Amino acid sequence: MFKIKSKKMPSILLSSALTVSLSLTAFPAVSNVSSTALAATTTPTPASSSSTNFNYGEALQKSLMFYELQRSGKLPADKRDNWRGDSGLGDGSDNGLDLTGGWYDAGDNCKFNLPMSYSGAMLGWSVYENRDAYVKSGQLKYVLGDIKWVTDYLIKCHPSPNVYYYQVGDGGLDHKWWGAAEVMQMERPSYKVDLDNPGSTVAGEAAAELAVASIIFKSTDPTYSATCLTHAKQLFSFADTTKSDKGYTAANGYYNSWSGFYDELSWAGAWLYLATNDSTYLSKAESYVPNWPTLPQTTTIGYKWAQCWDDVHYGAQLLLARITNKAIYKESVEKSLDYWTTGYNGEKIKYTPKGLAWMDTWGSIRYATTMGFLADVYAGWSGCTQTKVKTYKDFAKSQLDYALGSSGRSFVVGFGVNPPQNEHHRTAQGSWSDQSIVPDYHRHVLYGALVGGPDSTDGYEDVVTNFTENEVACDYNAGFTGLLAREYAAYGGTPIANFNAVEKITNDELYVEAGVNAAGPNFCEIKAVLNNKTGWPARVTDKLSFRYFIDISELVSKGYSAKDITVKTGYTTGGTASQLIPYNAAKNIYYVNVDFTGTLIYPGGQSAYKKEIQFRMSAPENVNIWDNSNDFSYQGITTTPGDTPVETKNISVYDSGVKVFGNEPADKPAFSGDINGDGKINILDYLKLKQYLSSSSVSINVKNSDMNGDGKVDTNDYILLRKYLLDPKSSRINNL
């Protein structure tokens, strides 16, 4: 479904920031304030206990898991789920680059770097403020892993000082298709900004994220920290030199930079100052203040919106207030926080009946919890007006508690009472048919995802198609996670021991539906449909096959053999049917091997997830003794021609020759040469038999190893196997 992800900024904030002239000059640097000293002044003040506390430790834990479940690229071996797989492995190849990694933006599969780098910066800010909370909760490893995942990607996106790739994936193409990230087939172009077509907004936000990363990784990985800082400086220089968004166009309609780029430059400048203690960056950050968004027809810095992926001047002014202790920043911070709490100048944000500070239709809880994070951070600073500390802290907690369930329901997937079950998210929903209504439930739990939230009357619709109230996004969880860490520091909570997102598989993933298409006294025609509904994880297959087993005893009793039966293919969408292959010739059991090798079958649409074949097995003409009743694979299929085929376990499915679904007839004969019992004969069997002959303690399949049928496993069998592997056509091993 196509949707506009734009912030829909109200007209009050659409006045041109470029025409505003504040009577401000570049503020002098405060070179004697180090980042270490600043961090020491921001320890949160312990809040009083409350009987309405939620388990902030568990919620924090799950919010971090959400970012793991949003990962793109080659996933690590120690991932904590079984339903996400490698994806987007060709990202950047259109430009000859490796742009794999990063996070998928929301319920879609694009990688928009503006909200992604904002989210990484906000998570980094949270660690900067509350590292001890992450240590105490056991979540430091995971939050740093989340931040590094996006930071590594941003570094890849910056291959040279004045080139930055800010997006992978076309929003229009992406939104036309509803399926899991692992099986995307659409083109995924990558888009860049450079000196000829600059993008100060996206480069500035990336500089901020990398600067924050350089701070939080400095104590644990100085080399990585230095790398982050180098990229941060280069991106800042690029953004500051060009001061233009001319080249930032691919995200239009999704993530337009409504606030301009000066807020990002101040935000990045402040973080670079904290990372380097270089007063040049502080001077730069302050020099952009006259160009921040303002109220219409005034020089008043805007205070009626919120810290978000588009407008980061709220966060920048808080940092500058703490760094410089200047009234302009303190007053502006408190104007915004007053507007969100008790009101300012006779105006106050709207509150829902149940207590959510409600600013906008899209992502209402995202804004409230993010401003809650800023309020709590600011209230923990000694420079905050002391009479307002409790108000700001109470506001922060109330907004977080609303998200966690104080209204009677949770807005966090997999947490609390009555959480969302049908969030707008392609991979979590797990459709195989390119439809958000199939299946009519979500196959996966997207732990920790904060949904958009209710309307202004607390109305909320937990429906997958409601992307306004029920989509999730990386930026939604960013400030929310930071606030969770602070409330955990204040009130505690217990994370779940050994928490993971490993799920029980709830449906057959690869299987065959079959039925009789036509039948007569000397033939049977089967209609079979091979399905790929994989979801743990979803995957593209191109080496699937299945076996239809029959018993020809009735023909053998009349003097016929398997050679007298012909198999012909009628209709097919990619498969080929073999002639009869012996399975247990001594008992007259054979099978038709239907091979779809080379045909892509994946859970991505009606014609993509299932492939059909119709094949006819016929005895010689006028030999009217065909009997289906003793055929293994005939049991359980529809037998009336024209009836809809049904799933059957007696038609076994194979991927690259390895059985992945279904049953085979009992009493399978020895498979001579298959020493290790994996269903194949290859060099591994040769090596296994060699080991066995050297040391009888090695385990082998003895029945399959007696290749000359003399009742012993010795060097004669070893020689036979070697000859067979060298030339299977001229050498025989027992019954092969």
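What span should the 16 residues of helix α12 have at 1.5 Å a residue, and how far apart are its end C-alpha atoms?

## Helix α12

In this predicted model, helix α12 covers residues 364-379. At 1.5 Å a residue, its 16 residues should span 22 Å, and the end C-alpha atoms lie 23 Å apart, which agrees with that expectation. The expected figure takes 1.5 Å times one less than the number of residues, which is why the count of 16 leads to 22 Å.

Where does the helix sit with respect to the rest of the structure? Of the 16 residues of α12, 16 are buried, so the helix is largely enclosed by the rest of the structure. The cut-off for buried is under 20% relative accessible area.

## Strand β6 and its partners

Strand β6 (residues 510-520) runs antiparallel to strand β7 (residues 523-532), and 10 bridges join the two. A hairpin of two residues connects β6 to β7. Strand β6 is also joined to strand β14 (residues 646-648) by three bridges, again in an antiparallel arrangement.

Valine 512 has bridge partners in both of these strands: leucine 530 in β7 and threonine 648 in β14.

## Cavities

A search of the whole structure finds three cavities of 30 Å³ or more. The second largest has a volume of about 40 Å³.

Which residues line the second largest cavity? Its lining consists of Glu68, Arg71, Leu75, Pro76, Lys79, Asp81 and Arg84. By class, this lining holds five charged and two nonpolar residues, with no polar ones.

Note on methods. Residues are numbered from 1 along each chain as its sequence is written. This is a predicted model: local features need pLDDT of at least 70, side-chain atom pairs count only at pLDDT 80 or more; totals for chains, interfaces and linings use all residues. Side-chain values use heavy atoms; hydrogens and water are left out. On a 1 Å grid over the protein atoms alone, a cavity is a set of points where a 1.4 Å probe fits but cannot get out, and a pocket is an open set with protein on both sides within 12 Å along at least five of seven lines; lining residues have an atom within 4 Å of a point. Grid points are joined across faces, edges and corners, and a volume is the space filled by probe spheres set on the points. Ala, Val, Leu, Ile, Met, Phe, Trp, Tyr, Cys and Pro count as nonpolar, Asp, Glu, Lys and Arg as charged, and the others, Gly among them, as polar. Two strands pair if DSSP finds at least two bridges between them. Helices (H or I, at least four residues) and strands (E, at least two) are DSSP runs, numbered from the N terminus. Buried means under 20% relative accessible area, exposed over 50%, partly exposed in between (1.4 Å probe, protein chains only).
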